[in-house]
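Take a moment to turn the model around on your screen before reading on. We'll walk through it together, from the whole chain down to single residues.

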Amino acid sequence: MAAGTSRKISAASARAHTRRPKTMNPSKFSGIFKKVLLVCFVGFLAWFYQAARPPPPKTFPVTAVTAPRIQLKDGRYLAYKELGVPKDKAKHKIVFVHGFDSCRHDVSAITLSPDFVESSGIYIVSFDRPGYGESDPNPNQTVKSIAFDIEDLADQLALGSRFYVVGFSLGGQVVWSCLKYIPHRLEGAALIAPPVNYWWPCLPSNLSEEGFKQYLPQDQWALRVAHYMPWLNYWWNTQKLFPRFSLIDHSPKVLSRQDAELIPRIYSIRKEYMVMILIF
């Protein structure tokens, strides 16, 4: 080819050499990113839903029975303990409801002296709440069902048409259930150191605020979760990221001086009961 002659280039070849490389459309990239985020978010919600749901209640057969028990209408057994004067001589018949992580024997540590009980004609029956001690769990338990369990207990023990209920600590919640569902059976009701609803409108605001601030910070958060997001309550008290309700961890920081003085007595009573279980 002669020098100086120009090389002919076709139009198609020129366009191929000058064409810019293809780049991803920003809007298309944004759409893919949003889909990935959506999938991750849905996956997180599914995981959190499972983590926040309480598992099905576990049922364990009572292998060692040391207490008298009644059989309820649905076939479950309820263990109980009687104190005070005989029923036929009693002037006041009381059903005692224990609190969280307790049992029927704890009534011996926090009730009145035997002499006063005897002179006043007081009869007391303390029972293991469903799932505690030697009482069968209730897989279908509701706020309402425990009140009817107490009514059934009173009927089978022949306590009469009316009786008293006394709730200690979280047992106070059961007393409220009795007041709501079986008020016609109650002669009276009493609460001993019960949990308090600090959002109850009938409480003076200055009193509720002062009482709420006396809780440990971790317990304040646990109460807020229980009040504002009850569906999150199980997860909050089983997770490991934040401090949970101190009562569940058996923290001594939550106890007052008077409560701390009662603990050795309660443990000694439970120790006697555990020895009895091992013997049987």
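Let's start with a word we'll need all the way through: a residue is called buried when its relative accessible area is under 20%, and exposed when that value is over 50%. Keep in mind, too, that what you're looking at is a predicted model. By that yardstick, 31% of the 280 residues in the chain are buried. The accessible surface adds up to about 18,900 Å², and carbon and sulfur atoms account for 62% of it.

Now for the overall build. The chain contains ten helices and six strands. If you take the contacts between residues at least 6 apart in sequence, 71% of them join residues at least 24 apart.

Next, head inside. Here's a general idea to carry with you: in soluble globular proteins, nonpolar side chains tend to be buried together. In this chain, the largest nonpolar core has 25 residues, and Val95, Phe127, Ile150 and Leu153 have the most contacts inside it. Strand 2, strand 3, strand 4, helix 5, strand 5 and helix 6 each put in at least two residues. Which element gives the most to this core? That's helix 5, with five residues.

So helix 5 deserves a closer look. Nine of its twelve residues are buried, so you can think of this helix as mostly covered. Among the buried ones are Ile146, Asp149, Ile150, Glu151 and Leu153. What do the buried residues pack against? The list is strand 1 (69–71), strand 2 (77–84), strand 3, strand 4 (122–127), strand 5 and helix 6. Pick out Leu153 as an example: setting aside neighbours within four places in sequence, Leu153 is in contact with Ile70, Leu78, Tyr80, Val95, Val125 and Phe127. You can also check the length of helix 5 yourself. At 1.5 Å a residue, its twelve residues should span 16 Å, and the end C-alpha atoms are 17 Å apart, which agrees.

Helix 6 (residues 171–181) is one of the partners of helix 5. Its buried residues are Gly171, Gly172, Val174, Val175, Ser177 and Cys178, and what covers them includes strand 3 (92–97), helix 5 (145–156), strand 5 (163–168) and strand 6 (186–192). Try Val174 here. Val174 counts as buried because its relative accessible area is 1%. Not counting residues up to four places away in sequence, Val174 touches Val97, Arg129, Ile146 and Ile150. Val174 and Ser145 are 29 residues apart in sequence, and their C-alpha atoms are 9.8 Å apart in space.

Two loops are worth a stop as well. As a rule, most residues other than glycine have a negative phi. Ala158 isn't a glycine, yet its phi is positive, at about 55°. You'll find Ala158 in the loop between helix 5 and strand 5, and with a relative accessible area of 53% this residue is exposed. Ser169 also has a positive phi, near 55°. Its place is the loop between strand 5 and helix 6, and at 23% relative accessible area Ser169 is partly exposed.

What about charges? The structure holds ten salt bridges. One of them joins Glu82 to Lys87, with the closest N and O atoms 3.2 Å apart. Glu82 is partly exposed, at 38%, and so is Lys87, at 26%. Another pairs Glu134 with Arg104. Glu134 lies in the loop between strand 4 and helix 5, and Arg104 in the loop between strand 3 and helix 3 (107–110), so this pair ties together parts that are 30 residues apart in sequence. Are these two buried or exposed? Both are buried. Helix 5 comes back in a third bridge, between Glu151 and Arg185. Because Glu151 lies in helix 5 and Arg185 in the loop between helix 6 and strand 6, the pair links parts 34 residues apart in sequence. Glu151 is buried at 16% relative accessibility, and Arg185 is buried at 10%. Salt bridges with shared partners also join Asp74, Arg76 and Asp149 into one network.

Finally, come back to the outside. Leu38, Phe41, Val42, Phe44, Leu45 and Trp47 make a nonpolar surface patch of about 640 Å². Leu45, one of these residues, is found in helix 2 (residues 26–52), and its relative accessibility of 42% makes it partly exposed.

Note on methods: Residues numbered from 1 in each chain as written. Predicted model: local features only at pLDDT ≥ 70, side-chain atom pairs only at ≥ 80, totals over all residues. Heavy atoms only, no water. Buried < 20%, exposed > 50% of the residue type's maximum accessible area, 1.4 Å probe, protein only. Helix = DSSP H or I, 4+ residues; strand = E, 2+ residues; numbered from the N terminus. Contact = heavy atoms within 4.5 Å. Patch = residues over 30% accessible without salt bridge, like charges linked within 9 Å, V, L, I, M, F, W, Y side chains within 5 Å. Areas by Shrake-Rupley, 256 points an atom, 1.4 Å probe, with all protein chains shown as cover. Salt bridge = Lys/Arg side-chain N within 4 Å of Asp/Glu carboxyl O. Expected span 1.5 Å × (residues − 1). Core = buried A, V, L, I, M, F, W, Y, C linked by side-chain atoms within 4.5 Å.
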